[in-house]
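Me: I'm new to this one. Can you walk me through how to read it?

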Amino acid sequence: MESSALLLWFDLVGVFFFALSGNLLAARKNIDITGGLVLGLLAGLGGGIIRDVMLGVTPLALAQPILLVPPFVAAAVVYLMGAHLHRVRTLIIVFDAAGLGLFCTFGTARALDHGMPIASALLLGVVTAVGGGLMRDVVANEIPAVFNGSDLYVIPAATGAALTALAVSTGTWGPVAAVVLSAFAFTFRMVAWRLQWRVPAPMRGWSMRGIDTRLRRDRSVFGRPGRMKGDDDESRRDRDVDDYRDRPPGPRR
């Protein structure tokens, strides 16, 4: 497979995964399908647009209109499957990590294809991986995963970008290496989220266990695994809506 075709397929799949995370975040926040499509477009295309603007080329999303298809497909999938999607928060993390793994490799390879030095290519690879998610979270009024501090986010992206640059420079870059490196970055991100690996924070050290419980009450969707504040309220609200719909017609108080 030629490099250009490989990169296009990676971009299509990465856009779809990130768009799914945006639409799932919209569903979690009770945003309608139009708002979900907007979040999907931002998540799926935002990082690539930022990268291409910094490269000084026409954004791939505009040069290849087929990249506009995955966000619409993702919006339709979430809309049609919404009633059957449980543990939405976990799915958001999974699809966001999948997009992160694909985009950190794809973004780095594209930057190197345009003659960027390795350091610049690494930077653009990370920007591609985290830029769209950052835009999605800011618009949705969510604490961005890159700033959450509860686990590693930028480091898995930077690791995948560095390994991609190494593969390109040694001539081992290709479909197999691309899949392996993307899977590695995805696994790194998911394990870090599950085990709460983190970088040092001022006055906190390496562990989340010492943080005051008051600081645990307000967490983003990208925070530590487990039930969050409001999960019980959401489940109760869903049950109330179902009970209301299942009641026979008649006067209601």
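Me: How much of the chain over residues 6-26 is helix and how much is strand, and how far apart are the end C-alpha atoms?

Reply: Keep in mind that this is a predicted model. Over residues 6-26 you get 100% helix and 0% strand, with 30 Å between the end C-alpha atoms. Try residues 93-112 too: again 100% helix and 0% strand, with the end C-alpha atoms 29 Å apart.

Me: What does UniProt say about those stretches?

Reply: An unreviewed UniProt entry puts "transmembrane region" at residues 6-26 and 93-112, among others including 33-50 and 176-195.

Me: How many helices and strands does the chain have?

Reply: Count 11 helices and zero strands. Reading along the sequence, the pattern is α-α-α-α-α-α-α-α-α-α-α.

Me: What share of the contacts with a separation of 6 or more comes from residues 24 or more positions apart?

Reply: That share is 76% in this chain.

Me: Now burial. Is Ala-178 buried or exposed?

Reply: The idea is to check relative accessibility against a cut-off: buried means under 20%. Ala-178 has 0% relative accessibility, so Ala-178 counts as buried. Across the chain, buried residues make up 45% of the 253 residues.

Me: Where does Ala-178 sit, and which residues does Ala-178 contact beyond its neighbours within four places in sequence?

Reply: Look in helix H9, residues 175-195. Setting aside neighbours within four places in sequence, Ala-178 touches Leu-6, Phe-10 and Trp-173. As for Leu-163, its C-alpha is 9.9 Å from that of Ala-178, with their positions 15 residues apart in sequence.

How values were computed:
Residues are numbered from 1 along each chain as its sequence is written. This is a predicted model: local features need pLDDT of at least 70, side-chain atom pairs count only at pLDDT 80 or more; totals for chains, interfaces and linings use all residues. Side-chain values use heavy atoms; hydrogens and water are left out. Helices (H or I, at least four residues) and strands (E, at least two) are DSSP runs, numbered from the N terminus. Buried means under 20% relative accessible area, exposed over 50%, partly exposed in between (1.4 Å probe, protein chains only). Contact means heavy atoms within 4.5 Å. UniProt positions are given in the numbering used here, feature names are shortened, and annotations may be inferred rather than shown by experiment.
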